[in-house]
Amino acid sequence: MFVARRIPAAGLDRVIAECDADVWQDPMPPSREVILDKVRGCDGILSLLTDTMDAAVFDAAGPGLKVVSNMAVGYNNINTSDAFDRGIRIGNTPGVLTEATADMAVTLLLAAARCLREGIENVSARQWKNWEPLGFIGQDLGGKTIGIVGMGRIGLATAERLHRGWGMKVVYASRTAKPDAEHRVSAVRLSLDALLEQSDFVSVHTDLNESTLEMFDASAFKAMKSTAVFVNTSRGGIHVSEDLHDALVSGEIFAAGLDVTNPEPPSSDDPLLDLPNCVVAPHIGSATVSARNGMASIAAANLIAGVRGENLPHEVIPEN
Ligand code: DGY
């Protein structure tokens, strides 16, 4: 089998002990050509969100490929229909990164709302001369409205933090109603348009698919309040970078906090990276000890179960 990166020992040790594993050692992802070569004859692949898994990869592996175990909860890097057509099972790692990712969403929301980047850059540049009665003035959080786009596990954990901590009113947009969220944080389901219009903070937690691809474009940012903060800890493909840039420069929205970018990683000359009102982190929402150990351990368990022909502990099920 092919393991596309060194992962935490909580998973890697088990894979190495129980399987004949070829583990990619470089910290940079294997190139497309390398993947196509390495998977030849494999019965299992352990992939990361940076590794595209599609028909060409499955065909290169050949008919013995039984499972692709993705060390992520999101699996937009995998062409699921190409996999299911070939009887290949897909595993993902839900649950274990919920709290860590919700913490990151709140971190970015606070940092963006309170002009933290601008303040830190001012201090680092040795420009801090004075206590500024008119400087670095951010947005208040108490009693404001948080709009959650995609009310799954991470969306709800984020809403709970903001509702319990800052008394925020929670509104959400989701394909289906979420009675659990309505019960736990008194969340009110709205259309996306109504959510954008009413929210002081908008936090994205939906998966990336055909219907969410670039859903945050110029018109979405225009619909938001000029004091609004946009937070994306899900997938960069959900926002249009140029449109976000323009909305931040023109003051259509107040600030943004991103843990994901479009493309990812961004190019070195991406103008979004220069904006003082845009806080960008390098996709580290799940980067805590317990989240990453949990992800590695589930990814290993999915991989091993898959090559043995057993049910995966966390399997992506084909939609009808
Ligand atoms: C995931 O698991 O999909 C996350 O984006 C990783 O941090």
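**Exercise 1.** Leaving aside its neighbours within four places in sequence, with which residues is Leu213 in contact?

*Solution.* The model is a predicted one, and the first step is to locate the residue: Leu213 lies in the loop between E9 and helix H10 (218-223). Next, once the neighbours within four places in sequence are set aside, the contacts of Leu213 are with Leu208 and Gly237. Finally, a C-alpha distance can be added, since the C-alpha atoms of Leu213 and His239 are separated by 7.4 Å, although these residues are 26 residues apart along the chain.

**Exercise 2.** Determine how helix H5 (residues 98-113) and helix H7 (residues 153-166) are arranged relative to each other, and describe the residues of their contact.

*Solution.* Begin with the geometry: the two helices pack at an angle of about 55°, and their axes are 8 Å apart. The next step needs the cut-offs, by which angles under 35 degrees count as roughly parallel and those from 65 to 115 as roughly perpendicular; H5 and H7 are therefore oblique to each other. As to handedness, the crossing in which H5 passes H7 is right-handed. On the H5 side the contact includes Thr98, Glu99, Val106 and Leu110, while the residues that H7 brings include Arg153, Ile154, Arg161 and Trp166. Classified by character, the residues of this contact comprise 9 nonpolar, 3 polar and 4 charged.

**Exercise 3.** Work out the strand order of the sheet of 7 strands, identify the strands at its edges, and place H5 and H7 against it.

*Solution.* The sheet is open, its pairing is parallel, and the strands follow the order E8-E7-E6-E9-E10-E11-E12. At the edges stand strand E8 (188-189) and strand E12 (278-280), and because each has a single partner strand, one side of each is left without a neighbour in the sheet. Within the sheet, strand E10 (residues 229-232) pairs with strand E11 (residues 255-258) in the parallel sense over 4 bridges, and Asn232 has Leu258 in E11 as its bridge partner. H5 packs on this sheet, where it touches strand E6 (145-149), strand E9 (201-204), E10, E11 and E12, and its direction makes about 150° with that of E10. H7 likewise packs on the sheet, touching E6, strand E7 (169-173) and E9, with a direction that makes about 175° with that of E6.

**Exercise 4.** Which way do the residues of strand E4 (residues 67-70) point, and are they buried or exposed?

*Solution.* Val67 and Ser69 point one way from E4, whereas Val68 and Asn70 point the other way, and all of them are buried. For the pairing, strand E3 (residues 44-47) runs parallel to E4 and is joined to it by 4 bridges, with Ile45 standing opposite Val68.

How values were computed. Residues are numbered from 1 along each chain as its sequence is written. This is a predicted model: local features need pLDDT of at least 70, side-chain atom pairs count only at pLDDT 80 or more; totals for chains, interfaces and linings use all residues. Side-chain values use heavy atoms; hydrogens and water are left out. Axes are lines fitted to C-alpha atoms, for helices over the stretch in contact, and angles run from 0 to 180 degrees between N-to-C directions. Angles under 35 degrees count as roughly parallel, over 145 as roughly antiparallel, 65 to 115 as roughly perpendicular and the rest as oblique. A crossing is left-handed if the near helix is turned anticlockwise from the far one by less than a right angle, and right-handed if clockwise. Contact means heavy atoms within 4.5 Å. Ala, Val, Leu, Ile, Met, Phe, Trp, Tyr, Cys and Pro count as nonpolar, Asp, Glu, Lys and Arg as charged, and the others, Gly among them, as polar. Buried means under 20% relative accessible area, exposed over 50%, partly exposed in between (1.4 Å probe, protein chains only). Two strands pair if DSSP finds at least two bridges between them.
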